[in-house]
Amino acid sequence: MLRIAIQKSGRLSEESLNLIRECGISFVNSSLKLKTECTNFPLEILFLRDDDIPGYVADGVADIGIVGQNVLVEEGKEELTVEKLGFSKCRLSLAVPKSDEYTSIHDLNGKNIATSYPNLLKAFLDAQGVQAQIHTISGSVEIAPSIGLAEAICDIVSSGSTLISNGLKEVERVFKSEAVLIASPELSPEKRGVLEKLLFRIQAVQRARK
Ligand code: PRP
Ligand code: ZN
Ligand code: MG
């Protein structure tokens, strides 16, 4: 039995489940159960916080997982990547209040920036030669400027509607992301065999989608 970790609720959840279903794998999904065994394939699904998935896979608690590259690279675990999945495309961007004048990245020098992605943001700012104070918060980042916590934010943008709803405008793109399949580097030969069967089906689904 191979254990796969997917996001419990969020941008990746539905498309991750759809991919497993399109692989011809059946399971019962009740929103309250955090673990389910598939009925026609040796796969057990764990429903977890996306931020926890790279760590669980690296530690072997889960064998494989589906997670955004944003979370994976932030946590320095991109070497776990097995396959890009082509869905849940988004970007990590810097945003400032809509009414602010913004001419270049250097406007952020000396500013406070709120984000859940301090490592990705710091690497970007360092590369641009910008010095700013990074405030790490775990969610609702878009609220930060309106409550006086920061002058700018750096967060995931997909449709852009969260930014608009919070009176913000996107000013710089820091990182481009999509969903990827990751795997523990230390799978038993049996589990590696199941993973190869699953990968074969995933690749067939991806070819059919093109
Ligand atoms: C991101 C981000 C925003 C939203 C933006 O959250 O933090 O809340 O998506 O999407 P939009 O541009 O379509 O409005 P995410 O789904 O990554 O969840 P998490 O940060 O809670 O893990
Ligand atoms: Zn998250
Ligand atoms: Mg969010």
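**Exercise 1.** In this predicted model, determine how the residues of the shell around ligand 1 divide into nonpolar, polar and charged, and where the ligand lies with respect to domain 1 and domain 2.

*Solution.*
1. The shell around ligand 1 holds two nonpolar, seven polar and three charged residues.
2. Reading the members off the structure, one finds ligand 1 surrounded by Gly10, Arg11, Asp50, Gly139, Asp155, Ile156, Val157, Ser158, Ser159, Gly160, Ser161 and Thr162.
3. Turning to secondary structure, at least two residues of this shell are supplied by strand S9 (152-157), and at least two by helix H5 (161-165); the largest share, three residues, comes from S9.
4. Because domain 1 (2-88 + 178-209) and domain 2 (90-176) both contribute residues to the shell, ligand 1 lies between them.

**Exercise 2.** Describe the open sheet of five strands by giving its strand order and pairing, and explain why one side of S8 and of S10 is left without a neighbour in the sheet.

*Solution.*
1. The five strands of this open sheet follow the order S8-S7-S9-S6-S10, and their pairing is mixed.
2. Strand S8 (133-136) and strand S10 (168-177) stand at the edges with a single partner strand each, and therefore one side of each has no neighbour in the sheet.
3. On average, and with direction ignored, neighbouring strands of this sheet are turned by 25° against each other.
4. For the pairing at the S8 edge, strand S7 (residues 112-115) runs parallel to S8 and is joined to S8 by four bridges, with Asn112 standing opposite Gln133 in S8.

Technical notes. Residues numbered from 1 in each chain as written. Chains lettered and ligands numbered in written order. Predicted model: local features only at pLDDT ≥ 70, side-chain atom pairs only at ≥ 80, totals over all residues. Near = placed C-beta within 6 Å. Nonpolar A, V, L, I, M, F, W, Y, C, P; charged D, E, K, R; others polar. Domains from an automatic or database assignment. Pairing = 2+ DSSP bridges. Axes fitted to C-alpha atoms, helices over the stretch in contact; angles between N-to-C directions.
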